[in-house]
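Walk through this structure from the inside out. The route goes from buried residues to the core and strands, and then to the empty spaces.

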Amino acid sequence: MSVLRTPESRFEGLPGYPFAPHYTEIDAGDGVGTRLRVHYLDERPADPARESGETVLLLHGEPSWSFLYRHVIPPLVKAGHRCVAPDLVGFGKSDKPADRFEYTYQSHVDWLAETVFDRLDLRDITMVCQDWGGLLGLRLVGEHQDRFRRVVATNTSFPTGDQDLGGSFALWLQLSQRSNPFDIGQVVDRGTVSDLDPAVLAAYNAPFPDESYLAGARQFPLLVPIAPFDEAAPANRLAWDALGTLQIPFLCAFSDKDYGVGGGDRVFREHVPGAAGQPHVTIANAGHFVQEDQGAALAVIVDEFIRSTR
């Protein structure tokens, strides 16, 4: 496996991102012992006496990275919670396999599971997942229910290959494969209600110095199960069945102006037992990347959910 690593100089002076980097190494899964360096944020109150004892796992999706959570982390830490935000392999400061076919749905699940469970040993997790953060994180919840205490799903879905994903997804498939250049900052900007500052757009592009670093971002849309015989469909069906027995508190906090999975919260509210009776919320004036438009509001929702379900 050929692996690329974005130079640190690309991440200097990022706006609103003062967090200390943390790294761990995981098995690339190529059968010859290649290791992948995974970056993650690990923020908690400076005073141990103010710690709530709660761990919040913040999972980003396509094509963003932990920079997306820069407005969410500080208020959650101020509320006493530990916040862990990894960069998925192929994104952010994490290593990037150069061959796009090294990225499979299963490899992403395995990489994230090793990071979160085997390396960081997170338990009693409150998971906040958006976009592909849900496609991966909800697989982990379905397969490792004992590791999780509660879930907050925002602007995500969990396809099993048995649903019609609609015209918006079909358009995204085309754009993600044919755009040249594939401007990641522009993708995020189109998925927000607010107009992003040029420095913020540059930060979203920072992990990708040139096209060779974009293999994961290009491949992710093609990994979404769109047919019953898709490679990931059987495992996702099993996880979806497991989510149908999930009793831990499950909150939907979707945006009112999400171009991608608008209204997708209904399937979770109807399918997951732990979603029954929860104070599901629609976040006003926010697009697909709710963390950009209403990050502080999302943090309040997460904190209140934690406190109401302890």
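**A guided walk through the model**

I184 sits in helix α5, which covers residues 184–190. Keep in mind that this is a predicted model. Is I184 buried or exposed? I184 counts as buried because its relative accessible area is 0%, and buried requires a value under 20%. What surrounds I184? Setting aside residues up to four places away in sequence, I184 touches P63, Y204, N205, F208, L214 and A217. P207 offers another reference point: 23 residues separate it from I184 along the chain, and the two C-alpha atoms are 9.5 Å apart.

Y204, one of the residues that I184 touches, leads into the core. The largest nonpolar core has 99 residues. Which of them touch the most other members? They are L58, I73, M127, L138, Y204 and F250. Take L58 and leave out its neighbours within four places in sequence. L58 is then in contact with Y69, V72, I73, L76, C83, V84, A85, P86 and V128. I73 thus appears among the contacts of L58, and I73 is also named among the core residues that touch the most other members.

Now the strands. M127, another of those core residues, has a number inside the range of strand β7, residues 125–130. Strand β7 pairs with β8 in the parallel sense, over six bridges. One bridge joins T126 to R150 in β8. Strand β8 covers residues 148–154. How many of its seven residues are buried? Six are, and the strand is mostly covered.

Next, helix α2 and the enclosed space. T115 is found in helix α2. T115 counts as buried because its relative accessibility is 2%, where the cut-off is under 20%. Beyond its neighbours within four places in sequence, T115 is in contact with T24, I26, V38 and L120. E25 lies 90 residues from T115 along the chain, yet their C-alpha atoms are separated by 7.9 Å.

Where does the model leave empty space? Rolling a probe the size of a water molecule over the atoms shows this. The structure holds one cavity of 30 Å³ or more. The largest cavity contains about 60 Å³ of space. Its lining consists of V38, P86, D87, L88, V89, H108, W111, L112 and T115. T115 and V38, in contact with each other, both belong to this lining. P86, a contact of L58, is there too. Helix α2, residues 105–119, gives the most to the lining, with four residues. By class, the lining has six nonpolar, two polar and one charged residues.

Turn to the pockets. About 970 Å³ of space lies in the largest pocket. It is lined by 38 residues. Which lie nearest its centre? They are S157, L165, F169, G260 and V261. Helices α3 (132–143), α4 (166–178), α5 and α9 (265–271) each supply at least two lining residues. This brings back α5, the helix that holds I184. The most comes from α4, with five residues. The lining of the largest pocket has 19 nonpolar, 13 polar and six charged residues.

The second largest pocket has about 200 Å³ of space. Of its 13 lining residues, T104, Y105, L223, E231 and A232 are the closest to its centre. This lining divides into seven nonpolar, three polar and three charged residues.

Definitions and conventions:
Residues are numbered from 1 along each chain as its sequence is written. This is a predicted model: local features need pLDDT of at least 70, side-chain atom pairs count only at pLDDT 80 or more; totals for chains, interfaces and linings use all residues. Side-chain values use heavy atoms; hydrogens and water are left out. A nonpolar core is a set of buried Ala, Val, Leu, Ile, Met, Phe, Trp, Tyr and Cys residues joined through side-chain atoms within 4.5 Å. Buried means under 20% relative accessible area, exposed over 50%, partly exposed in between (1.4 Å probe, protein chains only). Contact means heavy atoms within 4.5 Å. On a 1 Å grid over the protein atoms alone, a cavity is a set of points where a 1.4 Å probe fits but cannot get out, and a pocket is an open set with protein on both sides within 12 Å along at least five of seven lines; lining residues have an atom within 4 Å of a point. Grid points are joined across faces, edges and corners, and a volume is the space filled by probe spheres set on the points. Ala, Val, Leu, Ile, Met, Phe, Trp, Tyr, Cys and Pro count as nonpolar, Asp, Glu, Lys and Arg as charged, and the others, Gly among them, as polar. Two strands pair if DSSP finds at least two bridges between them.
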